[in-house]
Structures are given as C-alpha cells and as structure tokens.
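Q: Hey, got a minute to go through this one with me? I'd like to start with what the record says and then look at the model.

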Amino acid sequence: MAALPKIPIELMEDKEALKKILASILLLVSASSGIPAYGLQGSFQSLSLCIRRHGSLAVHLFHGGYPFNGQSEPLKDFQAGANMIEAIFFARFLPQEGTRVVYQSPPGSVVPEEGVDKPRLFDFEVLSEYVIPRQAFCNRIVTIKDPDYKYHIIGHPVCIQDPKYERNEFMFNFCIVIRVDIKPTPYKTAVRRLAGHFTEMEIQSQFLSQIDESNTQERRAIGPLLEIIKEDLNNYNECNVPVDDANTINMKLFTIHATPPHIKSWHVPIMKTKVNDIVDDTWDLSMQKVIKEIDGIKDVRRIAHDADVALNLTKIALRHLAYYETIIVLDMFLFGNIYQPTAEVKDFIDDKDDMQTECGNYCLINGPRIDNFYLCRLFTSLITGRTLKEWIKMHLDQGFEILKFVDVRRFIHYGLVKGLIYRVHKYAISHQHLLEKATSSPSHSAPATAPAATAAAANSGAGTLSGATAHTPAQGHWHATETPASPKDHLLYKYTDGCHPFDQITTEKNMGDPKIMDSLRKWPKGDLEVMYR
Amino acid sequence: MVNRDPSLAVSASGRLGPPPLGGTSSTPAAHQQDGPRRLLPTSKLKLWTESRSHPSPNASSSAHPPAKTRSALQMSEHPILSVDTGLVGVCLVIRSRDGPRFVFHHPPRPIIDTVHHQHTQGTEIDQNEVEDGGDGGGDDSGNGNGERADEDTSDSELGDDAGYQKHGKTVARLDNPKASKRRSDHVGPLDSDDHYDGLEGEQVVPWETVFDLPTKDLESILTPQRSFHKKRFELHLDPLYFVSYPVHLREDGTWKKQRKSKKDKQAKNQPLEDNRDEDDIDPLDPGPQQDLEKSVLLKPLSDDDDDHGGMTMFNAVFVLSIPEDGTDEHTFQRIHEVYDNVVKDFNKALKHAQAQCDYVWKESELIMSMKEKAREERRPMSWLWNEIMARSSLAAAIRDVSDAIMRSKIATVHLATNPPVDMSLQIPVPFYLSQLPSIIQSGQRNKGMPGLLVTTANPLLDDDGNIDHAHLNKHFALLLLDDKDKIISELQSDNTELSAPLIEYIKLSPPTQSFLQVAQANSISLNDVKTLAQHLIYWRRAIPIPPLHARDTFIVSPNCDSRKLPNASLAWNKAFPLAPQLPTFLATLSAAPRHYKSFFPSKDHRGQYMDMLAWLIRGGWVTQLRTFCWIMVWPEIIYEVEYERMSNQVNASKEPPESSNSGSNGGNNNSSRRPYIASTSSSTDESGSEKDSKPPLASSNLPLTSEQIAESARLERIALKAEAENLAFAQAFAARPKPEATAHPSLNNAAHLANIAPHIIKDPHRIDEKDSLYMDAIGARIEDEKARKNWARFCRYFNGEDALESIALLEGMKRKEAWGIIAYYQEHLLISRHW
C-alpha cells in the first residue's frame, strides 16, 4: 500500500479535460474499490491519482496544501515517469586529486565531460565541499541546495577507515539531484540505502576502491549500474539491480504520510478504500479482524468488542489504516448530537464541485429525491444549541419531514467529511475539580498519575465491554456509593475537568447521555456545569 | 472562500500572520500630514526600518525606543500561541586571513530534541504513543508549560499538538547547565562545563564542540564560497538544518556599494529592481552584487592590509532541528519561516553594521580573543559565555535573537554601533483561525492551536473583499491582549517617542468601537489610529476583532483550550470577583446562542459584562456567532416572474401580426431570446426584423431562382409553424393560474407551486437576468417603504460571506436601523449562523 506512484494533476495543463478524465476514472475506481463518491471527488486541486504498480487502482485523497507564506509552491510528491531525479553521481575522494566525480548520469550534468556541450546543473566546485565533507560529517545524510536554489543535492557521504587505504580512509558519496520543489524524504531514504549497499560491498570486496584497477566481468561497472538505478527510480519508483552473485540493490521510493491522528475509543472509522479486497492471510491477525468490523456505524470500542481484539490493539490497527489514509474517523452518530455549520457551508450553497448533487445522492433513501434547496436549508438550520432531534422536529413543524427523504446519518457524515459542519461536544465541568487542579502543583504530580488513570479507564472500559451490559463491577461500585460525600468519589469525577467529552464517558463507562445526566444530577448542587463547544 | 487569500483559507492554522505592518513596505500613514489631528510623529513602526534610515542622522537616534526597554514590551502569557520554530541555536562563523573561524554560538549547549529523531518507518507505531494523550512531545514541556500537566486529556486536538507546545523548553539553559545535561541524550565528558584532558593529553575545550560536531569542522563547512553571497544557504547535516544568508566582502574590497554609484545604477536598473531581493530597498545597499561579479574585478582582493582585519566573509547561521515525524512540507515551512523572517534580516543588519564601522570583525576579534584567553586559563564555559555576552554586544544580540526566536517571541536586537542598530525580528504568529482543524485532516502538523480565536472575520480584507496585508480594515476594533493599565504602565516605563500617542490611543480605544469610530469620535486621523493599532498588533499586545456589541451573539469557541480552564478560572475570579464563575458563565453562553445582552442581570452591569466579554475573547474562550445569509426565492416569486415572462412572450407574438408574412422568424427569435423585456423592447425587435427582411425585398426584382423559391417556401413553413406554436403557447398560458401575491410567499401551498423548488441566489454580485428579476420581484413585495428602498443596497451583503452584523458599520447606519430593515427581508433570506 505504501508506494503509490501518483499523477499529481497540478502538473497537467488542461484542467478541464483532466477533470473529465479524473471524473471518469473516479467512477471506475469508485465502482471497483467501493470508496464512497464523496471520498473521491473532494477538492480536485489536491486529488492525486495513485496507481498501484502491482494491483488495482487506488485513489488517494490528501488534504495537502500547507499555506506556504503565500509565495512558495507546495512541494511535489515523487511520481513515476516524470524524471524526478535530475542526475545521479558517484564521487570519491582521491588523496592526490581531491574530490572527484567518478561517474555521472546524465553525462556532463555535474562536472564537464568530453563531448558533452550541455550546461551543467550547478557549479560542482562550489558544492564539492558538501559532497565529500570532512570526516566529522560523514556517515549521515548531507544535503545542500545550490546557490541558485534550484537543485537539491542529496548525499550520504561515507568514510571507511582501514589501514589498507592510502591515508587510512576511503571516502565516497552517491548523490541524487532533484529539484528543490520535490519532497526530498523518499530520496533521502534511497540515498541512505545506496550508501549502505556500497559500503557493504566495499568492505566485502573493495568494490569501489578498486574500480579503476580491475573491472572484472563478474560484476557490473559502476556507471551502468547508476544509470539503471536512475532510470528505474524515475520510471517505476523502484529498482532491482543485481550487482554480482552476492549482491542485489533493491530500492523503492516510499511516500511519507503525515502522522495519523490518535484514535479515540468513541471515534467511528469509515472506510475510504475497499481494504477488504486486498487483505490476505499474511496481514496482521488483529488487523484482519478489525477490518471486518468497520462499517461506518460502529465506534472503536464496539469494533474492538465485536472483533474480540484488545482496545489498544484496535486503536493501533486503525491508526495504521489512517496512516495510509484508507479510513477517516468521525464521531458517534446519535440523534442527541449537536452540529454547527462552519464557514465552508458557503461552498455547499455555492454548489462547488457539484456538492449538492453529490450529497443528495449520498444521503438518498427510498423515496423521491428532494431538491437541492432543501439540503442547503438543512445544513444552514443546524446550529449549536439545537440537537438533531430538535432539528428534525423543527423541520417537521414547518412541514418538512426530513426522515422521509434523507438518511440523516449519511447526511451528517457528508457534512462532517466535507467540513461543512462540526460536532458540538458536551463537557461536564466541576468547579471543585478545577479548583483542585489549579491548586495542585501543575507540573509534576499530575503527569505521573494521569497516564495511570487513563490506563485504568481503558481497562475498566474493556471490562464493561466483555461483561456485557448488565451489571459491571464499575457500576456495582457506583451503586454502593450512591450518595457520595464529596464529588471526588463520584464515578464520573475524573471526567469533570472540561477536557472529556460525553462521548468518552459513554464509551468508557458504557453509559448513554441520559444516564450520564442522571448520574450527574447527584452532584452537589451548583458545582457542576455542562458546557457545549 | 472565493476571494480570500489562499494562505488564509487553506488550512486551519495557516499563517494568517500579521501583515508586514509598517515593515519595509512604506507606511503611508506615517507620511500623510493631513487629517484632523495627529497622534503620531512621523516615525515608523518596525524598528528595522529605522536602523536603515541611519545615514540621515537627524532621524536616527530619537526615532526608536531603545532595545532594552522594548524587551519589556514582550507579552509573557497570553493566548496567542507560539508555533514551534524548530530553532535550536545560532552561530556566527567568519572567514578571515587565518581562514574560517567559528566565532560564537548560542545557546552554549544546544539541546537537540532527540525524542523526535527516532525514525518511525512506515506505520510502526510505538504502543505508548497510541495511548491517549501520551504524546512524545509532552516530555520536554514540563518546565515551560504548566498547562500540559494534564497528560491524560482525551481531546484529540488537544493531545496531539506537541509541536506547538515546545517553546518553553529552552529557557533556563545557560543558567542551569546541569539541567540541560540531564535532559540531553549524549551525556559524557563532552558535555561538561569544564576543560579536561583527552586520551592523548590534548586539551578538550568545552566550547569547541557544538551539536556533537567539532567547531573546527563546522567553521569550514559553514563558510560557503562566494557563489552563496547573499543567497539562501541551506545545508542539512542529518538531523540538523543549517540555514543562513552568507555575506562576503565585495570584490571592490568594501562591504557595501558606495552611494555614489547608486544613483546612476538606480536610473538604469529601475525595471529590474522589482525582481530583486527586498533588501535592495535598503537605501544603503541598492546594488545586486552579481553585476559586478560578472564584470572584471576592479581590483584584486587585498590579502591582509585591509582595515577589516582580513575578514572576507561572515555568516550567522541558524540551526534548526525539525521533528522527523513531520512531513516534508512541515520541514520546508519551518525553514522558510525562519529564513524569510529572521535569518535574512539579521545577516543584513550585520552587514550594515560591518560596513558602517567594521562591527562584525571587531566584535569577532574580541570574542575570539576572550575565548583564547579562557582556553589558556581553562575557564569553565558558563563563566566564559557570561563574560562574552556582557562584553560583546554582538554576542548579546545573537543570544537575544536565538532565545526569542526559539520561544517564538519577538527578538529585539541592539548592535552597539554608532549610531546603534536596533531592530526587531519575529516569526509572525497567527492571531486567529479561519478554519477549525478537523479530525479528518489528520496528522497534519498545522493543526489548530488550542486557545486561538476562531473566526472568519478577516481584518485584512478591505471593503472590496481583497486582501491587503499592509492595512487593517477600518471597521475593526482593537482588542488588547492584556490588562489596559498594565500595558499603559509598561509603555510609560518604556518612555519612547511613541509611548505618549500609544497610551493616549489605548485610553481612547475600547473594543466596542471600530478604528473609524475611534477616529471620528476623537477627531484623530484614521491613518494614525490604524498605524498605532498596527504597532500594538505587531508587538502582540492586541488583536483586531469586529467591534464588540452587546446585541451580538457569542458562543463558546470550539477551539478553546480547556486544559487552561483551572488557571483561567482563578484569573477570572480575580478579574471579576462579582461575576458568575467562569465555567458557569461559559456553560450559560454555550447552552443556546442568545444575544449577549440577554445575560446582563441589569442595565448597570453592561460595562462589566462587556469587559468580561473582552476577557473571554482575548483568551479564545468564546467567539462571535455571526449571521450570514443568501437570498431565497420562494416558488410564488418564481412563478410570478415566470408568468410575467410568458405573458410578455405571448404579447410579443400577438402584437406584430404584420411581420408574420415577412420573415417573422427574426422577430420571433429575438423575442424568445429576450422574453423578459416588455413591450418597449418589441419595437426594437421590429426594427431588427425589418432589417432582416430587406435583402429578400431588394432581390425580388430579379427573376427567382429555384433556390430562392425553395427558400421562401421554407420561410413560409417556418412562419406557419411558429404561428401555430404561438397559438398553442398562448392557449397553454391562458390555462395557467394567475399568480397571486400572498402575504407570506413561503407559506403559499397553492397546487401550481408544488412542483417548483425554491431557488437560492448564490452571489448577488454575479447574477444572471433571471436572478435580477427575482430580486426585483422580491423587492417589490417588501411592505415597509424604507426597507423596500434599501433592498437593492442591502442585497450585496446577502452573499453568505458578509456578516449581517457588519452591515450597519459598512453602511454607516445605526445598528438598530440596519437590523430593523433586515427584519423585513427575513422571509426571503436563507440564514446560516457560524463564526
């Protein structure tokens, strides 16, 4: 799943034509992969298509676009067939001559070469110091950008110390040159790997240091080797080059994804890709179990329970999926939830990217398709302080029966995924709890105890789950101390600092909203507030 | 999102950075002398510009507050959160006749946050990491950030923002080397404060190793060749990034081009100059060096007899350590920010000072000799560093920049040249978010910073909806980020030329009044007001917000940082002892959106409650719920307009019976193309059809060819057909029910309207003909005369982007009046309320 070559659309020129092409591919992909259409279309500017080299199509939606100061372009991902590697070269330090480029591809790109009349990419003399740096800087990634800020020279200088060499050391570096607007990390990995391979081969057989003296038949010369590596990485994002009987260079460029969010037990994962189709027996067992349970409705705790996988393992598995952007996480859908529109709702009213039709189709239930106008009205009438129940009732009073025309859950999901609305969570705050927190020394004691508390919470959550819904130990404890002397003994005390949404209590304590409220009513009067945000 | 600046809209914690307020871009405010009253002398705000104006000595010494007092201007605790800049240290390297020399670095023991440098390949997730809130970044924030104490927070937005929370970590390094030793990973003799003897008896000097690298090696790799002169130098020595803007001695042996050559150069290069670096604005240094470098050297570099002691280049290098778990974008962004905002300006300032009085070389010489002496005397490093910083203003400047930028503060730099160079450097921080970080935009580093105000009210939009980075919208108000009296007393102690006007302005400017209102009420020039406000915003003492009003609605911000609640609650009690408790008040506000006024216990509480509101907004606890709307066209109106159109069409086809025999198709086409235009337009149709019919008449004298016969037959057929169609159309039209204007179009359930869906006019600025007819029809329906008159004027705000709350200000109306008018439109508006 990792290395998916992409065709970023920003490179292609005719946007309109491209949109059409993409739209048709999207349909195809949607049909074949089961990704909901809304997951695919989204913002066209950031949508890039990934075609897996070995296997089916997969579509990759990333919310890219860091605001780069408004002036610089966003970095590009590597892609197959776009000649991302401008040049590759092998340099070594010769005791007499100093730093020398032994081989370069394409010819004449780094240092002048006979018979080549093309301008060089950059002035190597200026940068040679960074290609073969002093010993202190060797054996790590060293990159430098040329003075014109056009090229990024990525290298991993290696220094092998051995008495057999002149001056007791042998220094070399394999460098890849890319443009500065390309994400360097995948290439850094490749360069590191090249350095590792050749270091090993040098130690084994002095592969590099004896290059000039004997170019034996069994092994390939360094030049063609680099040529193949460059071509293969450029065209296929990977290479597999046998060097001699014992050594093969295998490399692949990997897309580096952003760190995924932490998965909470009340999150509801929704599949973006049909992972089910690509799962095979070699996959992690927990992962296989978890994937089966993802249906867009179950929360993480429920998935863990139904899949019979420990909660924390479930979270890891889901985070893994989130890393590859195959799932998105939303929160639990309940009719008591409150949602609030964001400024993005304007995009919906403006019908950007045909969102209205898309949404209408997505939340359609058996029955007549309602006009897009009503969808606009539904979104704009959501507001903090109004639960979905009240919202439905309000529309009913105005003569519009939402439930007859719209799958409310899907409707809300659509809004959340598109960022048109956000969930307004409910928090309990106890004055006393706050006071205690403010007065206790903030820096030391709390962090020490807090993780333990969380762990305990996780355990008890798991406990409630396995113990079915009836009478759990936790609840027993609660009944025993029905009228707590101080709120501190209250079952929900630790949730009352304003940092824990009701959703968390629901999943960890297995209590519904009414039950929580009920329980909180036993709180000393005037000490507890319920805040929505 | 249409005409907003992408950098503002794209993502949550985007760099909605403050504008280059009074920066290198000229500030017209300061120059215009007109206007009612001047609060301001003609000084500029960003102090760097002042340092640039030094050659004119009259402006130099008085125009800026001295650096030492300005540091008091820094906010210690306020909700504008700082971003993690990634900076771990700054070093100064020069190349002199003795070759490259590593002059100075700060902090003396840079700490590289090794926690983040464990390479997590793919999705190998450490299990601990997954546990709620147990984020790696928490480890290092203990000393600086009490709020992070609550590590078990389960808010995903709150738990994962380690990147923004680290700024407190580098505080006490110098004073407490032991603490840093404990924290850093590489504990060993190298980290010691004292000298010791190595295995072979050589002296190991504590300051000769930085970042685990010998300075002997660093000094050579950090003095790049001339090709990098005034270019971006960016070296990555895993895991550190070295970013700088090296400055070389010019080939004519000077550090700056002489002014003389500037004038004729400027004339020649006028068009070119736009492309150049902004430093060419520097009046002292207009010329790009490349021109000269390409030409033949004027004179060979003199080796050692120069008065600058043979220094041929210097380079203040900023060292960044960027967590590996970020994406390339994150890395790129960090480097970019530091380079653009700090590195470049700092090196340029040094160049200025060097050109002026050989400053960098003299200071470097001083520092190096002190180091040499301390080396011989085997002094401990902490002692030496204190000595150096006390004696060398350059070292102190490096310390100031390094410390401030590491903590994302504003660095005030003072170089003791004559006249002194004073400047301020900062990486701008956003003062509000326009988009909420969603859990879907997972893992992006640019996540929301909890506690930051969320709003889509953009103070940089001008009245036409364009982004203007240099100017604030005059309809915004200034919200101080700290207690008014506290700021005033700080300004007083600063006692600079700007203090008096600033204090006066602060006293005059409540957050309830827009800049324009403040200017008008006190008859001050608006430009002065804005300039002063920009000054306060630049120095992070204030933020621009839409003016507060008791009738507006405020809700608890979805981005508020509840981990701060315990302390904030105490602070609240202190500030407003008689008010309800903070959680109670927030809970009340959040229960249901209501006018803020409705929470006042009585009219007398107004003042205090407005103060409370300012406090809450300042802390990012609440945000304004603003109202946006679109024009909604009900079926009744649609039908009416449609009916009108059809009736016109029928009339048009009936009226010209004589044209039916001579090419009526022309007229017909016209009328169907422009069906909405009443009888006046049908006369133009006539003339059009006459013109059309002329050529056949003229040709009728000639014998008819078979083609012409066929053509006329065809025309006749078409005419007949059209007539039949018209007839049928008229009949169908007659069968339709007549439109009937009811008092409430939205409730009209007539059968003939059942199949018509209401229509939304997306943007009244760009409407087609139909929409304009709808708007006219709605306008005609409005009963109140005043509201009817204002319909066309108000319509432009009904675009879903302009808040209704701002109409009164924009139109210069009384608030009540504007809302009264809008109330009449209510039935025809689709309303959405968000921030």
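A: Sure. According to the unreviewed UniProt entry, residues 777-829 of chain B are annotated as "domain: GATOR1 complex protein NPRL3 C-terminal HTH". Keep in mind that we're looking at a predicted model.

Q: OK, so how much of residues 777-829 of chain B is helix, and how much is strand?

A: That span is 60% helix and 2% strand. Its end C-alpha atoms sit 14 Å apart.

Q: What scores does the model get for ipTM and pTM?

A: The ipTM is 0.73 and the pTM is 0.72.

Q: And what's the mean pLDDT of chain B?

A: Chain B has a mean pLDDT of 70, with 66% of its residues at 70 or more.

Q: Which elements of chain B have the lowest and highest mean pLDDT?

A: Helix H4 (residues 57-60) of chain B is the lowest, at 30, and strand S8 (residues 240-244) of chain B is the highest, at 92. There are also stretches with low values: residues 1-35 of chain B stay under 50, though the model gives them 100 contacts beyond four places in sequence. Residues 440-446 of chain B are below 50 too, and that stretch has 22 contacts beyond near neighbours in sequence.

Q: Switching to chain A, how is it divided into domains?

A: Like this: domain 1 (6-61), domain 2 (85-252), domain 3 (267-331), domain 4 (338-424) and domain 5 (427-532). For domains 3 and 4 of chain A, the C-alpha centres are 27 Å apart.

Q: Tell me about helix H4 of chain A. How far does it reach?

A: H4 of chain A (residues 185-205) has 21 residues and spans 30 Å from first C-alpha to last, close to the 30 Å expected. Just after H4(A) comes A:Gln206, with a positive phi of about 50°.

Q: Which residues of H4(A) are buried?

A: Among them are A:Tyr187, A:Val191, A:Leu194 and A:Phe198. The cover over the buried residues includes strand S9 (169-179) and helix H5 (222-236) of chain A, together with H12 of chain B.

Q: Does H12 of chain B turn up anywhere else? I mean, what does it give to the largest nonpolar core?

A: That core has 281 residues, and A:Ile176, B:Phe318, B:Val319, B:Leu320 and B:Val401 touch the most other members. Helix H12 (residues 328-357) of chain B gives the most to this core, with 10 residues.

Q: What is B:Val401 in contact with?

A: Leaving aside neighbours within four places in sequence, B:Val401 contacts B:Val90, B:Val342, B:Phe346, B:Ala411, B:Val413 and B:Leu425.

Technical notes: Residues are numbered from 1 along each chain as its sequence is written. Chains are lettered from A and ligands numbered from 1 in the order in which they are written. This is a predicted model: local features need pLDDT of at least 70, side-chain atom pairs count only at pLDDT 80 or more; totals for chains, interfaces and linings use all residues. pLDDT is the predictor's confidence in each residue, from 0 to 100. Helices (H or I, at least four residues) and strands (E, at least two) are DSSP runs, numbered from the N terminus. Two residues are in contact if their C-beta atoms, placed from the backbone, lie within 7 Å. Domain bounds come from an automatic or database domain assignment. A nonpolar core is a set of buried Ala, Val, Leu, Ile, Met, Phe, Trp, Tyr and Cys residues joined through C-beta atoms within 7 Å. A residue is buried if 20 or more other C-beta atoms lie within 10 Å of its own, exposed if 12 or fewer, and partly exposed in between; C-beta atoms are placed from the backbone. The expected span of a helix is 1.5 Å times one less than its number of residues. UniProt positions are given in the numbering used here, feature names are shortened, and annotations may be inferred rather than shown by experiment.
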